Amino acid sequence: MGMPRVALIGGGIGGLVAAIALRRRAIEAVVFEQSAQLQEVGAGIQITPNSTRVLRAFGLEEEVRRRGFEPGFMLTRDMATGEVLFRTQAKGVMAERFGAGWFQIHRADLLDILITALDGSDIRLGAHCLSIEPAVAGATVVLSGGRREAFDVVVGCDGIHSLVRATLHGQEKPRFTGNMCWRALVPAEALPCGHLEPVMNYWMGPRGHVVAYYVRGGALVNLVAVIETKDWVEESWSVEGRRDDLLSAFSNAHRDLRILLEAVRRCFKWGLFDRDPLPRWGKGRITLLGDAAHPMLPFLSQGAAMGIEDAYVLARELARNSNDIDAALVSYENERRPRTTRIQLAARAQGKIFHLRSPWARLKRYLRLDKFEKPRADLLSKDWIYAYDPTTA
Ligand SMILES: Cc1cc2nc3c(=O)[nH]c(=O)nc-3n(C[C@H](O)[C@H](O)[C@H](O)COP(=O)(O)OP(=O)(O)OC[C@H]3O[C@@H](n4cnc5c(N)ncnc54)[C@H](O)[C@@H]3O)c2cc1C
């Protein structure tokens, strides 16, 4: 028997990297994307060493390095006082310690890199998947307009609202995590000269935190400002936000952070949702990948990274077990589910660490993390996340 034919439902980062991974193994893949064009939100994304390694395996690391930004340090400050809590070296240390770099890149640039790598691939745009019908040795994709197409394997890469997940596991609303964020891109030239160091900037406050980093080689600053809130009242999860609301939510922030926030001209606000880890992902020849399988809070910067790792492992297992596809899908899930479950739960826990309320708890945090502040240290002890290498596992 030859290689299986795979349908990827969804052309986000997960679906596109899966298409690259499958193609590199000579497995035919068709991406069905409901939007009329491939697009990403106007924001940055962090590529941590674990996902850099996968992109390297596809020959894409250098392009990410060229178009992204590699921060020298992680700099963590108290949001109210501006006091530096930790300064942890990143550039060089990441590569030395984890064998791969840590980059920040505009999502549109990452998307462009992936699309270029997919040159000639079968990507169907405006292809809204209505349902998946399981069969004994495959599954049929049913598209709006009534078109049907049979595949050996169908993978739901269709994000947190996944139709494929609902097909397999029933409808269930995602969980509002009690956090919302504003996202914005600020031209570096809008800031006073030298205002923001070329580092990964964190400001930690009670009930909120802010992350700011450069993208596009330093031309733009990506800003994510998170606060805890009881309700997410907007109908949409992502809507245009009001600059005044952003400024008043951080009215007590230190002057340096205020200068950055005041430079925002346009922002979007997001409710942050996740889901509980699933006890099983796939059934028969249908499985899940990326946010469809394991949507998580962004506090460890691992959502897309997990989809990128999933993609590599899925393709590797299908190539290795092409004469037993069911076994391949079981090994894919067995390898990926424990790790993504752990990371989903760790991302929730990370929110609590970021947003500590009492001064005593914050002092304890400081003391606990302080011991990591060494030249080879990692601010939040993320070694187990970054050290994983699906390309050799
Ligand atoms: C504020 C914030 C910051 C983040 N920062 C990071 C970071 O620094 N690093 C990181 O690794 N992750 C980060 N993430 C997480 C990351 O953005 C997501 O995990 C990732 O984009 C999910 O990719 P995906 O392809 O699985 O899903 P999606 O990006 O949601 O893509 C799903 C695709 O499926 C399509 N689709 C849906 N339904 C259908 C259908 N029925 N038929 C056809 N197509 C369909 C959609 O149109 C979409 O294109 C962050 C998230 C947030 C909110």
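How many bridges join S8 to strand S9? Six of them do, and the two strands run antiparallel. Keep in mind that this is a predicted model.

**The small sheet**

S8 and S9 belong to an open sheet of three strands, ordered S8-S9-S10, with antiparallel pairing. Its edge strands are S8 (129-135) and S10 (148-151), each of which pairs on one side only. On average, neighbouring strands here are turned by 20° against each other, with direction ignored. To pick out one pairing, glutamate 133 sits opposite threonine 140, a residue of S9.

**Two helices on H9**

Now to the helix packing. Two packed helices are described by the angle between their axes and the distance between the axes. Here is how H1 and H2 each meet H9:

| Helix pair | Axes come within | Crossing angle |
|---|---|---|
| H1 (residues 13-24) and H9 (residues 303-320) | 8 Å | roughly 30° |
| H2 (residues 49-57) and H9 | 9 Å | roughly 40° |

Take H1 first. An angle under 35 degrees counts as roughly parallel, so H1 and H9 are roughly parallel to each other. Their crossing is right-handed. On the H1 side, the contact uses Ile13, Gly14, Val17, Ala18, Ala21 and Leu22, which meet Ala304, Ile308, Ala311, Tyr312, Ala315 and Leu318 of H9. Sorted by type, the residues of this contact are 11 nonpolar, one polar and no charged.

H2 is another story. With its crossing of roughly 40°, H2 is therefore oblique to H9, and the crossing is left-handed. H2 brings Asn50, Ser51, Val54 and Ala57 to the contact, while H9 offers Ala305, Met306, Ile308, Glu309 and Tyr312. That set splits into six nonpolar, two polar and one charged. Ile308 and Tyr312 of H9 turn up in the contact with H1 and also in the one with H2.

**Buried spots in H5 and H8**

Helix H5 (residues 107-117) has a string of buried residues: Arg107, Asp109, Leu110, Leu111, Ile113, Leu114 and Ala117. What do they pack against? The partners are H1, strand S3 (44-47), helix H3 (61-67), strand S6 (103-106) and strand S12 (175-187). H1 thus has a place in this story too, as a partner of H5's buried residues alongside its contact with H9.

Over in helix H8 (residues 255-262) you'll find arginine 258. Is arginine 258 buried or exposed? Its relative accessibility is 19%, so arginine 258 counts as buried, the cut-off being under 20%. Leaving out neighbours within four places in sequence, arginine 258 is in contact with Leu247, Phe250, Ser251 and Ala253.

Note on methods: Residues numbered from 1 in each chain as written. Predicted model: local features only at pLDDT ≥ 70, side-chain atom pairs only at ≥ 80, totals over all residues. Heavy atoms only, no water. Axes fitted to C-alpha atoms, helices over the stretch in contact; angles between N-to-C directions. Helix = DSSP H or I, 4+ residues; strand = E, 2+ residues; numbered from the N terminus. Parallel < 35°, antiparallel > 145°, perpendicular 65-115°, else oblique. Left-handed = near helix turned anticlockwise from the far one by under 90°. Contact = heavy atoms within 4.5 Å. Nonpolar A, V, L, I, M, F, W, Y, C, P; charged D, E, K, R; others polar. Buried < 20%, exposed > 50% of the residue type's maximum accessible area, 1.4 Å probe, protein only. Pairing = 2+ DSSP bridges.
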